[in-house]
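Visitor: I am new to this structure and would like a close look at a single part, the surroundings of the ligand. Which residues are around the ligand?

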Amino acid sequence: MSHFWSPVVHTLTPYVPGEQPQLARLLKLNTNESPYGPSPNVLAAIAEQSNADLRLYPDPASVELKKLIAKQYGLATEQIFLGNGSDEVLAHVFLALLKHEQAILFPDITYSFYPVYCKLFEIAAQTIPLGADFEICLDDYAKPNGGIIFPNPNAPTGRALASKAIASLIQANTDSVIVIDEAYVDYGTESCVSFLQGLGCPKNLLVIQTLSKSRALAGLRVGFAMGHPSLIEALERVKNSFNSYPLGRLAQAGACAAIADQAYLEVTSAKVIATRAELIIALDRLGFSTIPSSANFIFTRHPQHAGAQLYQALRTKGIVVRHFNLPRIEDFLRITIGTDAQNAELIQALQEII
Ligand SMILES: *Cc1c(COP(=O)(O)O)cnc(C)c1O
């Protein structure tokens, strides 16, 4: 602490990311990265772009990448916004679209970066409790608000809502922006992107996706938002008041190749979904109860073992998972879906612990 700090800095509670352990031998199942690595085309594109042109600034608007995303999702380029990871996109969304008189609404158990942005940007927020089974109860959001945001599927629970239910929420809130954070949508959830296609595009829906999870590019830092051009314009205004070049040349080249290789995304996501089903069955046999997951992680607890203890016991065996020391979820572990071999190692370790 120092009196040189701007006053708001004293009030911040920064987000704490999952550990990136330095020990390579640890089995890392704590930050929902893909176990498969990116499409080989991505690595080739980045290698090709690693040349003397790096002396030049990148395209500030990432036009090529916007075109590819627009084509992939059946949208216009004016409906696409890009950022240095979807965390940066989210930051711009909070400032550009969610800072109003009325409090914004999000679930009490959700992506823990949302309250962090609210503090940073001094945005009023109200949390809405998840139901008894950790489901988002959209009826509880029927109140005046400055905007609504949640991930679909939700994190860290992995539970998804049907896009039809979200359609009603969009229609019921024409005076505020609904932000759907689809970081994990490729693992079996209906995307809301289809609502944005064509002339019926609602003016108040923003859908956010990332290349970090299903496209196995957490290290490249590319995320994007899709929505009505009027919402995208607000994001561009904020972005160009902050950093004109959020995506470097290598990131743009790699992201273009990743978006173009839809087949790779489909194969690796299907593999994760299959391994997830096997993990849930194996955990069932060990007495765990696991929330139904539509993500590349599961949220699970054991009736006889405290979450913190399980976390520690796994850690001792060289397996890192995520544990949140928060009310209602302190007995849960969030475990990223790995390869089949990693899955077997995890199950073996849990068997020994239990
Ligand atoms: C992982 C994650 C993100 C952020 O991803 P980036 O790596 O910043 O693109 C955003 N929202 C949720 C819910 C996530 O789990």
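Guide: Around the ligand, with a heavy atom within 4 Å of it, stand Gly 85, Ser 86, Asp 87, Tyr 111, Asp 181, Ala 183, Tyr 184, Thr 210, Ser 212, Lys 213 and Arg 221. The model is predicted, so local features need pLDDT of at least 70 and side-chain atom pairs pLDDT 80 or more, while totals for chains, interfaces and linings use all residues. Residues are numbered from 1 along each chain as its sequence is written, and side-chain values use heavy atoms, leaving out hydrogens and water. Sorted by class, this shell holds 3 nonpolar, 4 polar and 4 charged residues, where Tyr and Ala count as nonpolar, Asp, Lys and Arg as charged, and Gly among the polar ones.

Some of these residues make polar contacts, that is, pairs of N or O atoms within 3.5 Å. A polar backbone atom of Asp 87 lies 2.9 Å from an oxygen atom of the ligand, an N or O atom in the side chain of Tyr 184 is 2.5 Å from a ligand oxygen, and a polar side-chain atom of Arg 221 is 2.7 Å from an oxygen atom of the ligand. Of the 380 Å² that the ligand exposes when taken alone, the protein buries 93%, with accessible areas taken from the Shrake-Rupley method with a 1.4 Å probe.

Notes
Polar contact = N/O pair within 3.5 Å; in protein donor to acceptor, adjacent residues only side chain to side chain.
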